[in-house]
Every structure is written in C-alpha cells, then in structure tokens.
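Please open the model in your viewer and keep the sequence panel beside it, since this tour moves from the whole chain to selections you can make yourself.

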Amino acid sequence: MTSQQLPLALRWPRRQRFEHFHPVGNAAAVEALRAASVSADAPWVFLSGSLGSGRTHLLIATCQAAIDAGRTVQYLPLSALRGSRAEAIRGLAGSDVLAIDDLEAVAGDADAEHALFDTFNSYRAEGCTLLFAASGPPVSLGIALPDLRSRLGSLTQLTLKPLDDAERRHVLREHARGRGIELDDTVLDWLFSHHARDLGALLDLLDTLDRATLAAQRRVTVPFLRNLLKAM
C-alpha cells in the first residue's frame with residue numbers, strides 16, 4: 001500500500017473535517033465539496049486559495065466524507081512528492097474520488113501535465129470524481145498544455161477567502177475554551193506578533209499548549225507562552 005492510499009484517519013488530524021472548518025465567506029465551497037464527496041453526479045471542483053486559506057483542510061474533509069459514504073478515495077499532494085510526478089499521477093487510477101492538491105507543482109513539467117490530462121479524461125469517462133486545489137486559478141498557474149488548461153478551466157471554480165485576524169482570534173479562543181484554556185487579549189496580541197497566523201499552525205500550537213498547561217498546572221500567560229515557543 002502506498003502512502004497516498006493509507007486510510008486518512010492514520011495520516012491527518014481529525015480536525016481536518018468539514019465540521020471543523022470555519023466557513024466564514026466560504027459556504028459555497030463547503031457546499032460544493034460536500035456534494036462532490038457523496039455523488040458522482042456533482043460538479044467537479046477546482047479550489048484555489050492562498051497558504052493557510054484551508055484548501056488542504058477542505059480536500060481532506062471531502063475525502064473523509066466520501067469514505068464515510070462508502071466511496072473509495074485517493075489523495076495526492078503534488079508538492080510533497082519526491083521523484084516523478086507523472087509516474088505518481090498515472091499510478092492513482094481506480095478510485096471513486098481522487099483529490100489532487102498543490103496543482104501548481106506540475107506547471108511546466110510536460111510529462112506530469114500530460115499524465116494529469118490523461119487522468120482527467122479517464123476519470124470523466126469512468127464517471128468518477130476528480131477534485132483539484134492550488135494556490136490560484138488555472139490561468140494563473142503557468143500550465144503549458146492548452147488542453148489541460150481548458151479542462152481545468154471548465155470546472156466549478158471556487159476561491160477561498162482566508163479568515164482575517166479577528167476571525168482567527170475568535171476561532172482560536174473558542175477552541176481553547178473547549179479545552180478549558182483561557183486566552184486573554186494580552187496573550188493573543190503577543191501570539192499573533194510572534195507566531196505564524198494561519199489557522200492550522202495556531203491550532204497545532206493549541207495542541208501543544210493544552211499538553212503543556214496540563215503538565216505544568218498553570219494558566220497561559222505571555223511568559224509561559226514565550227518559554228514554550230523557545231522550547232519548541
């Protein structure tokens with residue numbers, strides 16, 4: 001079994017599910033991907049968004065929802081591959097749902113672009129579901145193969161709106177309260193000045209903070225948080 005075929009629950013945090021995605025400004029994307037997860041008749045989706053916008057979260061959530069619906073799933077993060085991307089793409093046939101992440105990684109790679117074009121056509125012919133995510137829309141990625149650009153451009157195009165700082169603070173505070181941790185404004189001000197602001201990184205830190213506060217039996221203060229980040 002390849003790493004791309006491992007059960008999703010073994011490889012990603014459980015919070016990468018639809019119920020843990022905060023759809024402020026992105027309800028249409030969530031609705032379209034929920035539909036694609038359960039029905040081969042739903043439109044294929046091309047999801048674009050900047051780093052930290054949640055595009056990987058939503059692809060993985062779609063895959064898990066498809067598994068829950070009894071469909072077979074494969075997920076391919078192109079930027080994480082080592083070796084031939086064309087070979088990896090050609091090796092991922094035969095699932096009900098294929099989610100391809102970081103599509104920009106194949107731009108300019110002729111073999112990979114042709115492999116993706118062939119995969120697109122085979123999935124369409126077989127009545128399966130193919131989903132894409134990238135840093136931008138198809139026309140912005142530098143894909144050289146005209147027929148592939150045309151295929152990608154024909155999909156339902158959805159651009160994710162990242163949460164702003166106020167929304168991230170609210171989400172982080174609510175997640176913390178759910179664990180019995182209070183994050184006051186002073187702590188959040190310091191955190192947002194000294195740590196990555198994308199929600200995934202903040203929630204990863206909250207996991208560590210939860211364990212550290214339990215071990216130390218201390219509330220979260222700026223000195224406590226500063227020492228924790230130094231230790232990390």
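The stops below go from the overall fold to the open pocket and then to the enclosed cavity.

**The whole chain**

Begin with everything selected in a cartoon view, bearing in mind that this is a predicted model. The protein chain has nine helices and five strands, and if you trace it along the sequence you will meet them in the pattern α-β-α-β-α-β-α-β-α-β-α-α-α-α. Turn the chain along its principal axes, and the C-alpha atoms fill a box of roughly 60 × 35 × 35 Å. A compact globule with 232 residues would have a radius of gyration near 17 Å, and the 20 Å of the protein chain agrees with that.

Next, show the contacts, if your viewer can draw them: among those in the protein chain with a separation of 6 or more, 70% join residues 24 or more positions apart. Of the 232 residues, 48% count as buried. When you switch to a surface view, what you see is an exposed area of about 11,200 Å², of which carbon and sulfur atoms supply 52%.

**The largest pocket**

With the surface still on, select Gly-52, Gly-54, His-57, Asp-198 and Gly-200, which of the 26 residues lining the largest pocket lie nearest its centre. About 620 Å³ of space lies in this pocket, and the elements that give two or more residues to its lining are helix H2 (55-68) and H8. Colour H8 separately, as the largest share of the lining, five residues, comes from this helix. Colouring by class is also worthwhile here, where the lining has eight nonpolar, 11 polar and seven charged residues.

**The largest cavity**

How many cavities of 30 Å³ or more does the structure hold? There is one, and about 50 Å³ of space lies in it. To find the place, hide the surface and select Leu-172, Leu-183, Val-187, Leu-191, Leu-202, Leu-205, Leu-206, Leu-209 and Leu-225, which line the largest cavity. Helix H7 (185-194) and helix H8 (199-216) are the elements that give two or more residues to this lining, and H8 supplies the largest share, four residues. By class, the lining of the cavity has nine nonpolar, no polar and no charged residues.

**A last selection**

Finish by selecting H8 alone and showing its side chains, for this helix gives the largest share of the lining both to the largest pocket and to the largest cavity.

Notes
Residues numbered from 1 in each chain as written. Predicted model: local features only at pLDDT ≥ 70, side-chain atom pairs only at ≥ 80, totals over all residues. Heavy atoms only, no water. 1 Å grid on protein atoms, 1.4 Å probe; cavity = no way out; pocket = protein on both sides within 12 Å on 5 of 7 lines; lining within 4 Å. Points joined across faces, edges and corners; volume = space filled by probe spheres on them. Nonpolar A, V, L, I, M, F, W, Y, C, P; charged D, E, K, R; others polar. Rg over C-alpha atoms; globule rule 2.2 N^0.38 Å. Buried < 20%, exposed > 50% of the residue type's maximum accessible area, 1.4 Å probe, protein only. Contact = heavy atoms within 4.5 Å. Areas by Shrake-Rupley, 256 points an atom, 1.4 Å probe, with all protein chains shown as cover.
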